[in-house]
Amino acid sequence: LKRVVTNMARFDAAPGSQLQPAKVRYHQVDGNSLTIGHVVSKTPPPPGSTSFHSVEVVHAGGPVAERLRRAPRIDATYPVRFHELPETGCSPAREFAAIFEVLEGMMLAKANRQSLVLWVGRPDKPELDGFAGFLGMLPFRGISVALVSADAVRYPDPFSYRTPSGVLEHDANDPARMGKCCVSAMFGPLPARSFTARLREWAPIDVQPPAGCAELLRLPFKIAGLPLPMITYAGEYEKGVAALAERISAAYPAGSLCPIVSCGEVVDRLGYGLDVLAALRERGHAGHYFTHKSGETSKRWAEYGKPELLGWVAQAKAAGQTPLFIAVGGGCNGNATGVVAAMTGAAFVEVPTTPLHYNDATTSAKKAFSLVLDGKIRAKNLLGTFYLPRLVWCINETFLTSSTASVHSTVGECTKTMNMLADPSSAAGRADYANILGAKEFASDTTRILSCIDGFEALVHFIEDAPTREAKAAVLRLGEAIAEARAAAQCGTETARAAYASLCEGRRQLLQRFRARFYELPTAARVAIDAFLTVSNKEIVGAKAMFLAYEDPFEKYRALLFEYAHTLGHAVEAWLAGAIDTARASGVAADIVEAAVRNHGQCVGMAVVWAGAIAAELGALEGDGYVCHQGMVYLFNSFGGFSFGPVRALCDALGVSKPDFLREVLAGVRLDNKRGYCECGDDASVDQLVTHRPGRMLGSEDPNAEVRYMVVVSEELQRRALERAFELEFDLVAHLDGGEIAFKPLASHPRPLGVGAPIAAQVRKLIRASCDADAAAAAEGIVCGPASDEAAGDEAAGEAAPAPRRSASETMSLEGTPPSWSEDDESASLSPFSRAATFEAELCETSEARPGHAPPPPAAALKPASPASKPAAAAKRDHDLANGGAAPSGEEAAKQLAVPGEGSFEIRHSGRSMRAARPRVGSAVASGEASAHPPAA
């Protein structure tokens, strides 16, 4: 082991904007002699690759396309497939559909980010060349596009293009697209030349809370160095709607704006979308209201590419107005509406009404549709783009109408983030993520969320309380009647309009009484709920900013870490959404169906547990590290929101067997949108795993991996984890027995409410001890630092780490941002949504970063036990924990987890090896001995 001083300059950097103008090369070619091989040789492959996985030729007929189709293949190392663009005329709806139909065909043929899309134009229809940009824009994991233009008069503009209707347009000079150019190379008959984009200045709807304003909070957040206003309104709902309309009106002169409010069925019934549109109309901005079906199976392009919706955009552009899409609702609505805004070049604002939409979906520039065929989700978030909203505006009181599934969904994503980052502000955490540019600005102890367990339980209890459920149901029933009366009011008599207005006023009063129930809760419960929402929002938003602010705004490299537990999570979510729809259509009992509902974050939370089981089976996660990893989910499972039991009951009601379940879920895994980051066969997938302890990820030796947190996981390992889930082996809840954390079956050992805080404290204590042990060992210089290995790995992967770029006028420190998190206001007269600062300050005191810094431990390799013995060891460990036993330690752990051989161990799957990224000194990984517990700090 060698001494290496970790270079923290990258972590501590204060860089400026990371936007860089795109450059595209135009190559002169003779259309009569053009070959696919020539285009392939001149088009840059994706980073980390030396060749293309396939070539997808898209055309609208014409002589060049026909000649390429008939030309003999010289290089047969990659498949070539031809796709003909359907006739669209000048209809924006047909253009929209044609683009997605072609891309769906590609994805089903297993095109991925290593594929090349080759657009072949026609000499008589050069206006069709604009389709090339949309084909490169929508596979949001990235795809290379080469444009072959037959236009002998003018060069295509690689940065600004539109379809013949003029409704669909893309401008890479708009900073909302963060400099993304969708065309990699161009070919045509004109002289060769290069093009460079000219990025405009970023102009969000900037909101700076006045000093001392407790109702208006701004979360610090940036993407690509661009500040994105993330606003929390902690006051009364109706005042929050008015304040939002005032901010939007101030940004656009009267008559210049055409707002289009989009929301799903549930939010429509609650009236949130109509309230926003009415407030804007009162301020001189008449607009339109678009509703759509709710749910993941409706997150498809056909649900949003409606002629009337695109027609409103066309009308606004014809009138010289700015179309502004305002997405009011949850993550599905925000994602899908964002795609439409991006494809039409419209402005975009998000108004999240669920915690997960606020702290997860809006903190990503990616907006996407899922691949949905015949009512079934084949792949989640496969077709989308990157597009920044001008403003994110959250009114906290809308969270009160969330479902328990939605609240659990928020926590599920939190457990993912806590496990992958833990405390990146600590000495060990800084060393773990020393490669993240500018991370210091946003690094914080994400495990503080665990300390909010009482607030989580209080919120779920409030939502599940019978009077709350009935009050919300009454609002939804009236909202349904309002939806039915809306059409008659719009084109009917004065009497119909008066009746409609009366219904709307009745709903407003019902919602006021509903919210009043929350303020009748005991002060302690309200403050705890407030703390849970405030701390979870702040920590998750900060965690996202840590990676997206400067390092990886397009989420293709380091930030892919946020896909942890999403491979299996997405696949189960997609399968379950279809099963729920089938059950409702088949007349399965409503209580069985509703109990089985698992939203996105819930599926991710379950998959966190499954990922921990896979890592344990590989010997990469053991002892306290395993307990802390699984314990984060089991801590929040007191209501069974992460248990598989209700899903199993739904399977039984539908006659779905275990083989049926496995077959359909694994089919979804094979279409996961991360394929292409590592070389893997059909019997494996690209995934991430935690090793040693929360906050440390397993790395890959695959030189084509591009990122250090991607590994290849065999389908057999995934199958075994899913089998165990189906048999309810993971339906556990965390308890504290004699000071030790124990996992027990929820069905037989339910945990009372209000006793989770000591368990949370114990999990945080174990994580801190492990981190401190790593830092202490590193400070003694007995470990290998990542500096040289990291650089070598990036070079091998073909990934050029962006150099920090400082702005002379911008230090990017938090000193220049408004005071968003006041910690001195404890006035009882304030809304409890504005008083979590006191609780947060207490958390800060208990989790302040330890001084000093040292490099992390070395990278080592692992080797799992034999297939016959290792699953048994992992199963025994889970069995012991499930029956109240503590994690194994000492000789017992060594017997359970010992692996043949000495020194470094290896994991091999599908011909690929993985290595543990910086395991601690003294562990089985570093010393060749199995130990369930870290050495004392």
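This text walks through a sheet, a hairpin and a buried residue in a predicted model.

The sheet comes first. Its seven strands form an open arrangement in the order 3-2-4-5-8-1-9, and their pairing is mixed. Strand 3 (80-84) and strand 9 (193-196) stand at the edges; each has a single partner strand, so one side of each lacks a neighbour in the sheet. On average, neighbouring strands of this sheet are turned by 20° against each other, direction ignored.

At one edge, strand 9 pairs with strand 1 (residues 23-28) in the antiparallel sense, over four bridges. Within this pairing, Val24 stands opposite Phe195 of strand 9. Strand 3, at an edge as well, is among the strands that helix 4 (residues 92-108) lies across, along with strand 2 (55-59) and strand 4 (116-120). The helix runs at about 160° to strand 3.

The hairpin is built from strand 24 (residues 732-737) and strand 25 (residues 740-745), which run antiparallel and are joined by six bridges. Leu732 stands opposite Pro745 in strand 25. Two residues lie between the strands of this hairpin, and Gly738 takes a positive phi near 60° there.

The last stop is Asn381, found in strand 19 (residues 376-386). Is Asn381 buried or exposed? With a relative accessible area of 11%, Asn381 falls under the 20% limit and therefore counts as buried. Its side chain is joined to that of Lys299 by a polar contact of 2.6 Å.

Definitions and conventions: Residues are numbered from 1 along each chain as its sequence is written. This is a predicted model: local features need pLDDT of at least 70, side-chain atom pairs count only at pLDDT 80 or more; totals for chains, interfaces and linings use all residues. Side-chain values use heavy atoms; hydrogens and water are left out. Buried means under 20% relative accessible area, exposed over 50%, partly exposed in between (1.4 Å probe, protein chains only). A polar contact is a pair of N or O atoms within 3.5 Å; within protein, one must be able to donate a hydrogen and the other to accept it, and residues adjacent in sequence count only if both atoms are side-chain atoms. Two strands pair if DSSP finds at least two bridges between them. Axes are lines fitted to C-alpha atoms, for helices over the stretch in contact, and angles run from 0 to 180 degrees between N-to-C directions. Contact means heavy atoms within 4.5 Å.
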